[in-house]
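Trainee: I have a model open on my screen and would like to learn how to read it. Could you take me through it, feature by feature?

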Amino acid sequence: MENPNPKSLMAAFHFQRALSLVHRTASKSSRAVRGRRIQCAAYASMAYSAGPRRAWSRALLRRLRRAARRRQPRAGWRRRAAAGAGAASRVATGAAGLRRLVPGGGGMDYCSLLEETADYIKCLSVQVKLMQSIADSASLCGQL
Amino acid sequence: MSSRRSRSRQSSSSRITDEQIIDLMSKLQAVLPEARLARNDRVSAARVLQETCSHIRSLHREVDDLGERLSELLATTDISSAQAAVIRSLLM
């Protein structure tokens, strides 16, 4: 990662902490449960590091807390919250599609939607790079 | 279609100018990777929105796949040294 900025550091710390928690508490659960918890951890650390000033991070945290309260990390929680019928979400493009893909997109005006989308994509890319570098260095360590 | 509808709703209440939309569109184009949309090309708003949707969907898929990969690695290797290495590289 070329530019160490505070946001990626924050996301890294949050995500590392969540990963350690999953490792401690879910090592006996199935791989699928662990995978889902790691996914939730990824979105949660993204949202925490983005802070409350972004509508998408607030909406994402609300969604995650609701799911955690139900205590079932259901598979596809994100897909279910974002889309209606499976076919519709695949075809959905344009502003309607964006509203389904970006957390909290449904309640925004058009300009805010575009702004939030740009920020959401930036944070998503940072999160993906972070997970990629952890996975790469972990698989390297495993090969030694 | 719904974007046209929402735009007409907006222009009556908050008078979003075309310039604002063009500016936001170019900002969105700037976050999309070069492979999807050449940054300097003038493309239609619909195309930018379409590429944005598919880019977000592919990012979601990457998070899913990496989550699965990490859950396998969590079981087999000790991740803490990998995590330390990543944080070190971020701090440099």
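**A first helix**

Mentor: Let's start with α1(A), whose buried residues are S8(A), L9(A), A11(A), A12(A), H14(A), F15(A), Q16(A), A18(A), L19(A) and V22(A). Buried means under 20% relative accessible area, exposed over 50%, and partly exposed in between, with a 1.4 Å probe and protein chains only. Please keep in mind that this is a predicted model, where local features need pLDDT of at least 70 and side-chain atom pairs count only at pLDDT 80 or more, while totals for chains, interfaces and linings use all residues. Residues are numbered from 1 along each chain as its sequence is written, chains are lettered from A and ligands numbered from 1 in the order in which they are written, and side-chain values use heavy atoms, leaving out hydrogens and water.

Trainee: How many residues does helix α1 of chain A have, and what span is expected?

Mentor: Helices (H or I, at least four residues) and strands (E, at least two) are DSSP runs, numbered from the N terminus. The expected span of a helix is 1.5 Å times one less than its number of residues. Helix α1 of chain A, residues 6-25, has 20 residues; its first and last C-alpha are 29 Å apart, close to the expected 28 Å.

Trainee: How many disulfides does the structure hold?

Mentor: A disulfide is a pair of cysteine sulfur atoms within 2.5 Å. Here there are zero over all chains. For C111(A), the closest cysteine sulfur belongs to C53(B) and is 17 Å away, too far for a bond. C111(A) is buried, at 10% relative accessible area.

Trainee: And which aromatic rings pair up?

Mentor: Rings of Phe, Tyr and Trp (its six-membered ring) pair if their centres lie within 6.5 Å; planes under 30 degrees apart count as stacked, over 60 as edge-to-face and the rest as tilted. The structure holds one aromatic pair over all chains. The ring centres of W56(A) and Y120(A) are 5.1 Å apart and the planes meet at 65°, so this pair is edge-to-face. Both W56(A) and Y120(A) are buried.

Trainee: What area is buried between chain A and chain B?

Mentor: Buried area is the accessible area (1.4 Å probe) that two parts lose on being put together, summed over both. For chain A and chain B that comes to about 4,600 Å², with carbon and sulfur atoms giving 74%. In chain A, L101(A), Y110(A) and I121(A) lose the most area to chain B, together 15% of what that side buries.
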